[in-house]
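Thanks for making time. I will go through one structure, from the overall fold down to a few residues. Please have it open in front of you.

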Amino acid sequence: RYEHLAPIFKNKKMEPFLVTVEPKDTDPRSHMNSHEGHEFDYVLEGSMRLFIDKQELLMQPGDAVYYNANHPHAMQAEGGVCKFLAVIAK
């Protein structure tokens, strides 16, 4: 679930989202996507696995990652709901 934190700001060069990831039984690597720009993710609560290309990161509260969003990526909550801040720069 993505909550856009600046939906009416015009001519923006980045878009901030509060993202809530629920645990699921499906393999997130089968749903990897990509988009233009760069992405910065900062975990607020819970934990998640982030998959970028063939790399896998386990992220806990306070962990952050910055990557080229043109690379296929997906995430999966670990153990419970995970909330993180995602900022996408164009």
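The protein has eight strands and zero helices. This is a predicted model, so please hear every value as one computed from predicted coordinates. Going along the sequence, the order of elements reads β-β-β-β-β-β-β-β. The radius of gyration is 13 Å, and the globule rule gives 12 Å for 90 residues, so the protein is as compact as a globular protein of that length. As for dimensions, the C-alpha trace covers about 40 × 25 × 20 Å along its principal axes.

Next, contacts and surface. Take the contacts between residues at least 6 apart in sequence: 65% of these join residues at least 24 apart. Buried residues make up 33% of the 90 in the protein. The exposed area comes to about 5800 Å², with 53% of that supplied by carbon and sulfur atoms.

On charge, there are 13 negative side chains and 10 positive ones. The centres of the two sets are 7 Å apart.

Now the aromatic rings. How many aromatic pairs does a search of the whole structure find? The search returns one. The partners are tyrosine 2 and phenylalanine 17, in an edge-to-face arrangement. Their ring centres are 5.8 Å apart, and the angle between the planes is 90°. Tyrosine 2 sits in strand S1, residues 2–4, and phenylalanine 17 in strand S2, residues 14–21. With these positions 15 residues apart, the pair links distant parts of the chain.

Are the two partners buried or exposed? Tyrosine 2 counts as exposed because its relative accessibility is 55%, and the cut-off for exposed is over 50%. Phenylalanine 17 has a relative accessible area of 13%, which is under the 20% limit, so phenylalanine 17 counts as buried. The pair therefore joins an exposed ring to a buried one.

The last residue is serine 47. Where does serine 47 lie? Serine 47 is in the loop between strand S3, residues 38–45, and strand S4, residues 48–52. Although in a loop, serine 47 is buried, with a relative accessible area of 11%. Which residues is serine 47 in contact with, leaving aside neighbours within four places in sequence? The list is Met59, Gln60, Gln76, Ala77, Glu78 and Cys82.

To recap: an eight-stranded protein without helices, one edge-to-face aromatic pair, and a buried serine in the loop between S3 and S4. I will take questions now.

How values were computed. Residues are numbered from 1 along each chain as its sequence is written. This is a predicted model: local features need pLDDT of at least 70, side-chain atom pairs count only at pLDDT 80 or more; totals for chains, interfaces and linings use all residues. Side-chain values use heavy atoms; hydrogens and water are left out. Helices (H or I, at least four residues) and strands (E, at least two) are DSSP runs, numbered from the N terminus. The radius of gyration is taken over C-alpha atoms; the globule rule is 2.2 Å times the number of residues to the power 0.38. Buried means under 20% relative accessible area, exposed over 50%, partly exposed in between (1.4 Å probe, protein chains only). Contact means heavy atoms within 4.5 Å. Accessible areas come from the Shrake-Rupley method with a 1.4 Å probe; for residues, only the protein chains shown count as cover. Lys and Arg count as positive and Asp and Glu as negative; His and the chain ends are not counted. The place of a charge is taken as NZ of Lys, CZ of Arg, CG of Asp or CD of Glu. Rings of Phe, Tyr and Trp (its six-membered ring) pair if their centres lie within 6.5 Å; planes under 30 degrees apart count as stacked, over 60 as edge-to-face and the rest as tilted.
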